[in-house]
Amino acid sequence: MTTRRWMTAVAALALLSNGGRLLYYAWHARTAPSIAVLGVSFVVLICAVAGAVYWSSKDGGRWLPSIWPALASGLLSALLAVGVSTYVERTYGWTLFVLVPFVIGLHSTLALSRRRPITGGDALVVSSLALLLFGGVLVAVAVEGVICLIMAAPIAFPLAWLGGAVGYALRSRGVVRSPAMFLLLAGLTPFGATAERALHLPAEVFPVTTSIDLPASPERVWQTVLQPSKLAAPEQPLFRAGVAYPLASHIEGTGPTATRYCDFSTGKLVEPVIIWENLHRLRFSVASNPLPMQEWTPYAHLHPPHLDGFLVSRQGEFRLEPLANGGTRLYATTWYQHHLWPAQYWKLWSDYIIHQVHQMVLRNIAQRAAA
């Protein structure tokens, strides 16, 4: 049995396995996004096969007929992995954000090189276009919203370009450019999400602290922190696009048995008080988190799995520090977890968002303390 036949056999088994898992989930969960992913996968597969047949006989090295099968190749090689990762395994990690963009760039470049000579620039262009098409399909079939795709873009494009560069370097190797390799990548990539779930990667707790100096005394600031508040609508583009932001807050009760309630644009944050040190510190745990965002999407309702439990606040705190000039330095701290990998990349986004929320709250306190 030749190497290509072995590759084809393994690829067929992998495709059947992962396709079956996604079909089983779609049948039992009966959720529109997973069914849409499955349907689009098969449609793209049929189009890719038909395009490859036409391409092989009619292309003649022209750019436009060459690029469409290449884009379909990159799309199909990743779409099954996204469905398995997000809906079956419920992982948003290395497979989804690292392996998938790389495979898109690799396969679209190899597919383009099958029928026409390509340059490094061609590899860059087809990798970028394939990734853009992939993002458009995810929005079109209601798998993801625009906000998450924008957040993922800074890491996804360089990885797609890297995959394109590898594809360009390997373009002259027949085995790599064979349809068997295309099917092998499409079939095996989803198993990366299966491995991630089996590994149970631990989610670190990250603290984020923001501070502001106020001319008011600690007594006045402490009273203001405890008072009910209403916040003005934010002007930051990220919040206007759908990321959750605070609207109002109030505290019921006093001392360690009190509970703080914070209304967000996407729901309510419930925070039982665990430390109440007058004029110094107010710390609370989190009993209920609102959704981290409302996706920007053409659909009325979109609820991808990553909105449930993938970014959660664990504790929060206000801490007052008297200043020599009679004023007060007020600290706001949030301890949170996210289950997104690469963790340090997504921490950049989550830290930035939490800092922006802190600034909204601290500025509101400063305005009320000065009134």
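Trainee: In the hairpin of S7 and S8, which residue takes a positive phi?

Mentor: Start with the turn itself. This is a predicted model. The hairpin has 5 residues between S7 and S8, and Gly326 takes a positive phi near 90 degrees.

Trainee: How many bridges join S7 to S8?

Mentor: Read a strand pair by its bridges and its sense. S7 and S8 run antiparallel and are joined by 11 bridges. To fix the register, take one pair: Gln315 has Trp335 in S8 as its bridge partner.

Trainee: With which strand does S1 pair, and in what sense?

Mentor: S1 pairs with S8, residues 328-338, in the antiparallel sense. The pairing covers 10 bridges. Two register marks help here. Val205 has Gln337 as its bridge partner in S8. Thr209 has Thr333 in S8.

Trainee: What is the order of the strands in the sheet?

Mentor: Trace the sheet from one edge to the other. The 8 strands follow the order S1-S8-S7-S6-S5-S4-S3-S2. The sheet is open and its pairing antiparallel.

Trainee: Why is one side of S1 and of S2 left without a neighbour in the sheet?

Mentor: Count partners. S1 (205-214) and S2 (229-230) each have a single partner strand, so they stand at the edges with one side of each left without a neighbour in the sheet.

Trainee: Is S8 largely enclosed or left open by the rest of the structure?

Mentor: Look at burial along the strand. In S8, 9 of the 11 residues are buried, so the strand is largely enclosed by the rest of the structure. For the whole protein chain, buried residues make up 51% of the 371 residues.

Trainee: Which strands does helix H9 lie across?

Mentor: For a helix on a sheet, list the strands, then give an angle. H9 (residues 218-226) lies across S1, S3, S5, S6, S7 and S8. It runs at about 155 degrees to S7. Helix H11 (residues 343-370) packs on the sheet too, touching S1, S2, S3, S4, S7 and S8. The direction of H11 makes about 30 degrees with that of S1.

Trainee: Which residues touch the most other members of the largest nonpolar core?

Mentor: The general idea comes before the case. In soluble globular proteins, nonpolar side chains tend to be buried together. Here the largest nonpolar core has 66 residues, and Phe134, Leu282, Phe318 and Leu330 touch the most other members. H11 supplies the largest share of this core, 10 residues.

Trainee: What is Leu282 in contact with, leaving aside its neighbours within four places in sequence?

Mentor: Its contacts include Trp222, Val225 and Leu226, as well as Ile251, Val273 and Phe318. There is also a second, separate core of 6 residues, with Leu106, Met181, Leu184 and Leu185 among them.

Trainee: How many cavities of 30 Å³ or more does the structure hold?

Mentor: The structure holds 1. About 90 Å³ of space lies in the largest cavity. After the volume, read the lining. It has 14 residues, of which Ser229, Ser249, Arg260, Val361 and Arg368 lie nearest the centre. H9, S3, S4 and H11 are the elements that give two or more residues to this lining.

Trainee: Which element gives the most to the lining of the largest cavity?

Mentor: H11 does, with 4 residues. So one helix recurs in this reading: H11 packs on the sheet, gives the largest share of the largest core and gives the most to the cavity lining.

Note on methods: Residues are numbered from 1 along each chain as its sequence is written. This is a predicted model: local features need pLDDT of at least 70, side-chain atom pairs count only at pLDDT 80 or more; totals for chains, interfaces and linings use all residues. Side-chain values use heavy atoms; hydrogens and water are left out. Two strands pair if DSSP finds at least two bridges between them. Contact means heavy atoms within 4.5 Å. Axes are lines fitted to C-alpha atoms, for helices over the stretch in contact, and angles run from 0 to 180 degrees between N-to-C directions. A nonpolar core is a set of buried Ala, Val, Leu, Ile, Met, Phe, Trp, Tyr and Cys residues joined through side-chain atoms within 4.5 Å. Buried means under 20% relative accessible area, exposed over 50%, partly exposed in between (1.4 Å probe, protein chains only). On a 1 Å grid over the protein atoms alone, a cavity is a set of points where a 1.4 Å probe fits but cannot get out, and a pocket is an open set with protein on both sides within 12 Å along at least five of seven lines; lining residues have an atom within 4 Å of a point. Grid points are joined across faces, edges and corners, and a volume is the space filled by probe spheres set on the points.
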